[in-house]
Amino acid sequence: MPKGRVWVTTRGMSPEELAQLQSALPEGTELVAEQAVEAAALAVNALIEGVILSDGNGKVLWANDCFGSMDDVTRSRIRSVCAEAAAWFAQRTQSGTATLRDLVCKFDVSSGDETKMFEVFVTPAVRRKSEDEVCRADDAARVVAVMHDVTRQRRRQQKMEAIDRAGYELVRLDAEAIAKMNSMDRLRVLEEKIVRYMRDVLHYDHFAIFLIDERTRRLQLVMSKGLPQEIQDLELYPEADGSGISGYVAATGQSFICSDAQSNELFLPGLAGAQSSLTVPLLLHHQVIGIIDIESQKVRAFDEEDRYFMEMFARSIALALHMLDLLVLERCTTNRSVSGRFEGELNEPLEDILNEVDWLIDPTHVTAPEAAGHIARIRADVEAIRSRVKDVASGPQTLLGVERAFAEKTQDPLIAGRRILVADDHPKIRKIIGELLRSKGATVEIAGSGDEAIAHVEEAVRQNAPRFDLVISDIQMHDRNGYEVFSAARKASVNTRVILMTGFGYDPHHSIVRASQEGLQAVIFKPFEIEVLLEQVRKALAQADGTAHDGKSQPPT
């Protein structure tokens, strides 16, 4: 008789009879009582996962109750993956080196009605002392499959990905289109995006967004959906007491779930018949800039998962509103006030031309020997005008006010002696910034690409050299994006400040969003006045020292 297991019915058998039966079986044969078999089957059937044993063709030899409760389409799909796995196992074992550890397959299987998702793990149905023991070809004749219901985890992951995509789209602002709009139109564009994503991704139709007015400290309504207009008349302030849940959240920076509006004294009614609410802070650099309030006519409509998802999206809302402000400010300086910019850049040479013309008009100067020099000066002024017009028209590939900045030769006490890295793939930009910072006393290293910038940062770590005090990097370079440079710099030293530059808000890799959440110092939109950069540099270095500074130039000490 071959060695193995023998199942017997033990009803009515005494211990002595069982012992005699065991002694009559070949050595090594295991006697399993019926009660133990029933217990094992009960244990397997109690599992919430499905378990099946099938042959190499996907025919089910045994299955637990969980698998049996599945619909026909789901069971058929699982049998198919078992056959597919068995064929792959048979192929792998032909090499004579495949171990049980190597022979594991994972499949994603959806239910027949597509409402559930399963992870199916398939492995050969063999007993081995070790997972590293080599499997034979006949070991693939039967396989065991275990099914895990991952519906909730997958849906959670899908929702997180949808929120992340919505957040990315939210901060994609068309600079050219935005520049042509008035403030209300710009906000309306953003509002349309927020309303769409709140409805389609988060499934909320009743909400309001309030921002803190820096002047009055009042929570000012900026957009709402599905709530009465009267909410804009609410006198709400970022205070833990007296301004309801919204004021509490704005004051503390902590989200608040109101499960039952009738029993919560902080709840201030907005939606007619509201029974519960979820209020989340809008955070930017860990600072509360406002709140978003969502209301429902159902009791206990929100849970901790809703809070988590809404906090994710709220970060993108806060950043989008902030970027809109930055973009409007910079575009006003660059486009809306272009005539003023031209006037400022051209005023000096034009005035000089007028003076020279006046001099030549004077009859007493026509034959003067100095006339040639004055005419030459006029020519030089005209060339200066052409050059400055070209610079202003070059947009993000140029900097403004460079001549004035270089005219001041004195070192800056905040900048002098600092180690600064400048990264930009436009040679003109990095050269101007580098030379200017050197003229202010800084030790500057230049990088023409993202890879080169990261190499400079990592080299300082390897050589145990002083870390960079400041990194100034373009967001969109041909090989790396601004976030990658930012991340490398902060990894090398948490004290390194980072300023990112971008052309009119172009940020295809979402660098501003990610870096802002992790301590980005500032974002500057090209073309910018060189003095704006110097102000941001001074502020960054002052903050690194733990001191306050308004960014204005100070006389050397």
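I'm counting two residues as in contact when heavy atoms of theirs lie within 4.5 Å. With that settled, I looked up Met 198 in this predicted model. Leaving aside neighbours within four places in sequence, I found Met 198 in contact with His 203, Tyr 204, Phe 207, Ile 292, Ile 294, Met 310 and Phe 313.

**Entry: the cores**

Met 198 turned up again when I looked at the largest nonpolar core, which has 35 residues. Met 198 is listed there among the residues with the most contacts inside the core, along with Ile 292, Met 310, Phe 313 and Ile 317. Which elements build it? I noted H5, helix H7 (183-200), strand S8 (207-212), S11, S12 and helix H9 (304-336), each supplying at least two residues. H9 gives the largest share, eleven residues. There is also a second, separate core of 26 residues, and Leu 470, Met 501, Ala 540 and Leu 541 are among its members. A reminder to myself: in soluble globular proteins, nonpolar side chains tend to be buried together.

**Entry: the whole chain**

Next I stepped back. I have 17 helices and 17 strands to keep track of in the protein chain. The chain runs to 557 residues, and 43% of them are buried. Looking at contacts between residues at least 6 apart in sequence, I see that 62% join residues at least 24 apart. The chain exposes about 29300 Å², with carbon and sulfur atoms supplying 51% of that.

**Entry: a five-strand sheet**

I then traced an open sheet of five strands, in the order S4-S3-S7-S6-S5, with antiparallel pairing. Why is one side of S4 and of S5 left without a neighbour in the sheet? Strand S4 (60-63) and S5 stand at the edges, and each has a single partner strand, so one side stays free of a sheet neighbour. On average, neighbouring strands here are turned by 25° against each other, direction ignored.

I picked one pair for a closer look: S6 and strand S7 (residues 142-149) are antiparallel and share seven bridges. Pro 124 has Val 143 in S7 as its bridge partner.

Two helices pack on this sheet, so to my notes I add both. Helix H4 (residues 72-93) touches strand S3 (50-55), S4, S5, S6 and S7, and its direction makes about 160° with that of S5. Helix H5 (residues 151-170) touches S5, S6 and S7, and its direction makes about 125° with that of S6. I had already met H5 as a supplier of the 35-residue core.

**Entry: loops with positive phi**

Most residues other than glycine have a negative phi, so I wrote down two that don't follow the pattern. Glu 114 has a positive phi of about 65°. I located Glu 114 in the loop between strand S5 (105-110) and strand S6 (117-124). Buried or exposed, or in between? At 49% relative accessibility, Glu 114 counts as partly exposed, because exposed would take over 50%.

His 285 has a positive phi too, near 55°. This residue sits in the loop between strand S11 (276-284) and strand S12 (287-296). With 38% relative accessibility, His 285 is partly exposed.

**Entry: Arg 218**

Last stop: where is Arg 218? I found Arg 218 in the loop between S8 and strand S9 (219-225). Its relative accessible area is 16%, so Arg 218 is buried, the limit being under 20%. The side chain of Arg 218 reaches the backbone oxygen of Leu 234 at 3.1 Å.

Technical notes: Residues are numbered from 1 along each chain as its sequence is written. This is a predicted model: local features need pLDDT of at least 70, side-chain atom pairs count only at pLDDT 80 or more; totals for chains, interfaces and linings use all residues. Side-chain values use heavy atoms; hydrogens and water are left out. Helices (H or I, at least four residues) and strands (E, at least two) are DSSP runs, numbered from the N terminus. Buried means under 20% relative accessible area, exposed over 50%, partly exposed in between (1.4 Å probe, protein chains only). Accessible areas come from the Shrake-Rupley method with a 1.4 Å probe; for residues, only the protein chains shown count as cover. Two strands pair if DSSP finds at least two bridges between them. Axes are lines fitted to C-alpha atoms, for helices over the stretch in contact, and angles run from 0 to 180 degrees between N-to-C directions. A nonpolar core is a set of buried Ala, Val, Leu, Ile, Met, Phe, Trp, Tyr and Cys residues joined through side-chain atoms within 4.5 Å. A polar contact is a pair of N or O atoms within 3.5 Å; within protein, one must be able to donate a hydrogen and the other to accept it, and residues adjacent in sequence count only if both atoms are side-chain atoms.
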